Amino acid sequence: MKPFAESCQQNRGPILEVLRVELADRSRLLEIGSGTGQHAVYFGAEFPQLLWQTSDVAEMHGGIQAWLDEAGLANVLAPLTLDVCQDEWPQHSYDAVFSANTAHIMAWSQVECFIRGIGRVLQTGGVFCLYGPFNYNGRYTSESNARFDSWLKSRDPLSGLRDFEALDDLARAAGLVFERDYAMPANNRTLVWSKRS
Ligand SMILES: C[S@@+](CC[C@H](N)C(=O)[O-])C[C@H]1O[C@@H](n2cnc3c(N)ncnc32)[C@H](O)[C@@H]1O
């Protein structure tokens, strides 16, 4: 049976509006932490010109593949095994990277691998779009995000909402320049960086 995340159903429309701007002229995208695969098939159908490469840790592949098989989209590719710290990153380069709801699930050491790896696989001029809840200057943007962070940490003390400033420090060290910050429903954001050189 295909896995289903209600959150994907709810956030895909607002994310699509951002991706329509950010991915308009892109041709090859790497998604990191594809999860259920719902985003990949929804966005893949909306951007037929874009080769959408899914990836995740191996245990998620069955679910992703089930969504891909049903959708039958030629431009959405079977998942690569990619644990950001443990696996070899693709040899290909991409002109876009997309990831949703991953930075607060990964431990900080994994977030470091994540952004370093993106700096390596992105082509000059490529964009990195990161969706999720974030803090600014160490502060929550809402009570619900504070509660979500406590819940995350009760499950895994190494997880938790990340500070935009700390992510941007990593991004700069990886050769990325911060471009845009989109406010999204339910106190989420989409952060966009580009690779300048
Ligand atoms: C909350 S889910 C989000 C899934 C999907 N992107 C979404 O928005 O519904 C977090 C995802 O991050 C992936 N993930 C966690 N740690 C990872 C790591 N070290 N390397 C790659 N992916 C990881 C998980 O397997 C999972 O698919």
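User: Which backbone atom does a nitrogen atom of the ligand meet?

Analyst: The general idea here is a polar contact, a pair of N or O atoms within 3.5 Å. In this structure, a nitrogen atom of the ligand is 3.0 Å from a polar backbone atom of V84. An oxygen atom of the ligand lies 2.6 Å from an N or O atom in the side chain of D56, and an oxygen atom of the ligand is 3.4 Å from a polar backbone atom of G35. Please keep in mind that this is a predicted model, where local features need pLDDT of at least 70, side-chain atom pairs count only at pLDDT 80 or more, and totals for chains, interfaces and linings use all residues. Residues are numbered from 1 along each chain as its sequence is written, and side-chain values use heavy atoms, with hydrogens and water left out.

User: How many residues surround the ligand, and of what kinds?

Analyst: A residue belongs to the surroundings if one of its heavy atoms lies within 4 Å of the molecule. Here 17 residues surround the ligand, and the closest are C8, G33, D56, V84 and A100. The shell holds eight nonpolar, seven polar and two charged residues, where Ala, Val, Leu, Ile, Met, Phe, Trp, Tyr, Cys and Pro count as nonpolar, Asp, Glu, Lys and Arg as charged, and the others, Gly among them, as polar.

User: And what is a salt bridge, and how many are there?

Analyst: Look for a side-chain nitrogen of Lys or Arg within 4 Å of a carboxyl oxygen of Asp or Glu. The count comes to ten salt bridges. One of them joins K153 and D149 at 2.7 Å, N to O; another joins D25 and R26 at 3.4 Å, N to O.

User: Are D25 and R26 buried or exposed?

Analyst: Buried means under 20% relative accessible area, exposed over 50%, and partly exposed in between (1.4 Å probe, protein chains only). D25 counts as exposed because its relative accessibility is 60%, whereas R26, at 15%, is buried.

Conventions: Polar contact = N/O pair within 3.5 Å; in protein donor to acceptor, adjacent residues only side chain to side chain.
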